[in-house]
Amino acid sequence: MKLSVRLQESFNEQINAELASAYLYLSMSAYFEDENLPGFAHWMKMQNEEETAHAMRFFDYVHDRGGRATLQAIAEPPSDFRSPLDAMERTLEHERKVTALINRMYQLAIEETDYAAQVMLHELINEQVEEEKVAEEIVDHLRIIDGDGSGLLILDARLGARTAEEGQEQA
Ligand code: MG
(Lines give C-alpha, C1' and ligand atoms only; values in the text may rest on other atoms or scores of the structure.)
Protein backbone atom coordinates (compact mmCIF):
# COMPACT_ATOMS: atom_id res chain seq x y z
CA MET A 1 0.00 0.00 0.00
CA LYS A 2 1.35 3.39 -1.02
CA LEU A 3 1.95 5.99 1.68
CA SER A 4 -0.75 8.66 1.82
CA VAL A 5 0.24 12.19 0.83
CA ARG A 6 -0.09 13.37 4.44
CA LEU A 7 2.07 10.55 5.76
CA GLN A 8 4.68 11.04 3.06
CA GLU A 9 4.89 14.72 4.01
CA SER A 10 5.24 13.83 7.65
CA PHE A 11 7.95 11.21 6.94
CA ASN A 12 9.83 13.75 4.84
CA GLU A 13 9.65 16.27 7.66
CA GLN A 14 11.02 13.61 9.98
CA ILE A 15 14.00 12.94 7.67
CA ASN A 16 14.82 16.62 8.08
CA ALA A 17 14.26 16.55 11.87
CA GLU A 18 16.59 13.55 12.27
CA LEU A 19 19.30 15.18 10.16
CA ALA A 20 18.89 18.39 12.18
CA SER A 21 19.36 16.26 15.34
CA ALA A 22 22.50 14.74 13.85
CA TYR A 23 23.80 18.24 13.09
CA LEU A 24 23.02 19.47 16.62
CA TYR A 25 24.94 16.56 18.18
CA LEU A 26 27.88 17.07 15.85
CA SER A 27 27.99 20.71 16.98
CA MET A 28 27.93 19.53 20.60
CA SER A 29 30.75 17.12 19.80
CA ALA A 30 32.83 20.07 18.57
CA TYR A 31 32.07 21.94 21.80
CA PHE A 32 33.23 19.00 23.93
CA GLU A 33 36.38 18.53 21.81
CA ASP A 34 37.16 22.17 22.47
CA GLU A 35 36.58 21.63 26.21
CA ASN A 36 39.02 18.68 26.19
CA LEU A 37 36.32 16.23 27.19
CA PRO A 38 36.96 13.52 24.58
CA GLY A 39 34.49 11.04 26.12
CA PHE A 40 31.57 13.45 25.81
CA ALA A 41 32.79 14.40 22.31
CA HIS A 42 32.84 10.72 21.32
CA TRP A 43 29.39 10.12 22.80
CA MET A 44 28.02 13.05 20.78
CA LYS A 45 29.64 11.68 17.61
CA MET A 46 27.86 8.38 18.25
CA GLN A 47 24.62 10.34 18.66
CA ASN A 48 25.32 12.02 15.33
CA GLU A 49 25.70 8.63 13.63
CA GLU A 50 22.59 7.26 15.27
CA GLU A 51 20.45 10.22 14.16
CA THR A 52 21.81 9.95 10.62
CA ALA A 53 20.82 6.27 10.67
CA HIS A 54 17.31 7.25 11.83
CA ALA A 55 17.03 9.70 8.93
CA MET A 56 18.06 6.92 6.53
CA ARG A 57 15.45 4.60 7.98
CA PHE A 58 12.71 7.11 7.15
CA PHE A 59 14.33 7.84 3.77
CA ASP A 60 14.35 4.16 2.82
CA TYR A 61 10.88 3.58 4.20
CA VAL A 62 9.34 6.34 2.08
CA HIS A 63 10.73 4.60 -1.02
CA ASP A 64 9.79 1.12 0.20
CA ARG A 65 6.21 2.41 0.34
CA GLY A 66 6.19 3.81 -3.17
CA GLY A 67 6.81 7.41 -2.12
CA ARG A 68 9.50 9.96 -2.83
CA ALA A 69 11.87 11.39 -0.23
CA THR A 70 12.48 15.10 -0.60
CA LEU A 71 15.20 16.95 1.29
CA GLN A 72 14.86 20.33 2.90
CA ALA A 73 17.36 22.82 4.34
CA ILE A 74 18.89 21.94 7.68
CA ALA A 75 18.93 24.84 10.16
CA GLU A 76 22.21 26.02 11.64
CA PRO A 77 22.66 24.38 15.05
CA PRO A 78 23.72 26.33 18.15
CA SER A 79 27.48 26.26 18.69
CA ASP A 80 27.82 27.95 22.09
CA PHE A 81 27.09 25.98 25.22
CA ARG A 82 27.59 27.31 28.73
CA SER A 83 28.68 24.03 30.31
CA PRO A 84 28.48 20.25 29.85
CA LEU A 85 25.26 20.40 31.88
CA ASP A 86 23.82 23.03 29.54
CA ALA A 87 24.62 20.85 26.49
CA MET A 88 23.12 17.74 28.10
CA GLU A 89 19.99 19.58 29.26
CA ARG A 90 19.52 20.75 25.67
CA THR A 91 20.03 17.16 24.51
CA LEU A 92 17.26 15.97 26.83
CA GLU A 93 14.95 18.80 25.79
CA HIS A 94 15.66 17.99 22.14
CA GLU A 95 14.93 14.28 22.58
CA ARG A 96 11.61 15.14 24.21
CA LYS A 97 10.73 17.21 21.13
CA VAL A 98 11.67 14.32 18.84
CA THR A 99 9.47 11.99 20.90
CA ALA A 100 6.55 14.39 20.43
CA LEU A 101 7.19 14.47 16.65
CA ILE A 102 7.22 10.68 16.40
CA ASN A 103 4.09 10.42 18.52
CA ARG A 104 2.40 12.87 16.15
CA MET A 105 3.41 10.73 13.18
CA TYR A 106 1.96 7.70 14.92
CA GLN A 107 -1.29 9.56 15.53
CA LEU A 108 -1.38 10.42 11.83
CA ALA A 109 -0.74 6.77 10.88
CA ILE A 110 -3.74 5.84 13.05
CA GLU A 111 -5.92 8.49 11.39
CA GLU A 112 -4.87 7.22 7.95
CA THR A 113 -5.44 3.61 9.12
CA ASP A 114 -1.91 2.79 7.91
CA TYR A 115 -1.06 -0.30 9.97
CA ALA A 116 2.33 -0.88 8.34
CA ALA A 117 3.48 2.65 9.18
CA GLN A 118 2.30 2.14 12.76
CA VAL A 119 4.41 -1.01 13.07
CA MET A 120 7.42 0.75 11.52
CA LEU A 121 7.08 3.51 14.12
CA HIS A 122 6.91 1.11 17.09
CA GLU A 123 10.66 0.59 17.09
CA LEU A 124 11.34 4.33 16.98
CA ILE A 125 8.86 4.98 19.78
CA ASN A 126 10.72 2.41 21.91
CA GLU A 127 14.05 3.96 21.01
CA GLN A 128 12.86 7.36 22.19
CA VAL A 129 12.16 5.90 25.64
CA GLU A 130 15.81 4.82 25.72
CA GLU A 131 17.08 8.16 24.33
CA GLU A 132 15.25 10.15 27.00
CA LYS A 133 16.29 7.76 29.77
CA VAL A 134 19.98 7.96 28.87
CA ALA A 135 20.01 11.76 28.43
CA GLU A 136 18.17 12.17 31.73
CA GLU A 137 20.68 9.96 33.50
CA ILE A 138 23.64 11.99 32.22
CA VAL A 139 21.91 15.25 33.22
CA ASP A 140 21.30 13.84 36.72
CA HIS A 141 24.91 12.67 37.02
CA LEU A 142 26.18 16.11 36.00
CA ARG A 143 23.96 17.64 38.69
CA ILE A 144 25.38 15.22 41.28
CA ILE A 145 28.92 16.07 40.12
CA ASP A 146 28.01 19.77 40.47
CA GLY A 147 31.21 21.14 38.94
CA ASP A 148 33.55 18.66 40.65
CA GLY A 149 36.46 18.06 38.24
CA SER A 150 37.24 14.46 39.18
CA GLY A 151 33.59 13.46 38.90
CA LEU A 152 33.43 15.06 35.47
CA LEU A 153 36.53 13.16 34.29
CA ILE A 154 35.10 9.85 35.53
CA LEU A 155 31.87 10.50 33.62
CA ASP A 156 33.89 11.55 30.57
CA ALA A 157 35.80 8.25 30.67
CA ARG A 158 32.53 6.31 30.90
CA LEU A 159 30.92 8.13 27.98
CA GLY A 160 34.09 7.56 25.97
CA ALA A 161 33.56 3.80 26.28
CA ARG A 162 30.28 3.90 24.30
CA THR A 163 30.41 1.77 21.15
CA ALA A 164 28.12 1.78 18.13
CA GLU A 165 27.02 -1.82 18.77
CA GLU A 166 26.29 -1.24 22.43
CA GLY A 167 24.71 2.06 21.51
CA GLN A 168 22.89 3.64 24.42
CA GLU A 169 23.67 0.80 26.81
CA GLN A 170 27.11 2.19 27.61
CA ALA A 171 25.74 5.47 28.81
MG1 MG B 1 16.44 10.10 16.16
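Which residues does arginine 143 touch, not counting residues up to four places away in sequence? Leu85 and Glu89 are the ones in contact with arginine 143, where contact means heavy atoms within 4.5 Å.

A quick note on the setup: this is a predicted model, where local features need pLDDT of at least 70, side-chain atom pairs count only at pLDDT 80 or more, and totals for chains, interfaces and linings use all residues. Numbering runs from 1 along each chain as its sequence is written, and side-chain values use heavy atoms, with hydrogens and water left out.

Arginine 143 sits in helix α4 (residues 115–145); helices here are DSSP runs of H or I with at least four residues, numbered from the N terminus. Its relative accessible area is 47%, so arginine 143 counts as partly exposed (buried is under 20%, exposed over 50%, partly exposed in between, with a 1.4 Å probe and protein chains only).

Now the magnesium ion. Glu18 (OE), Glu51 (OE) and His54 (ND1) are its protein donors, 2.0 to 2.2 Å away; donors are N, O and S atoms within 2.8 Å of the metal (3.2 Å for Na, K and Ca), and since water is not among the atoms, sites may look incomplete. Along the chain, the donors follow the spacing E-x32-E-x2-H. The two glutamates link distant parts of the chain, being 33 residues apart, and both are buried.

| Glutamate | Helix |
|---|---|
| Glutamate 18 | α1 (residues 5–34) |
| Glutamate 51 | α2 (residues 38–64) |
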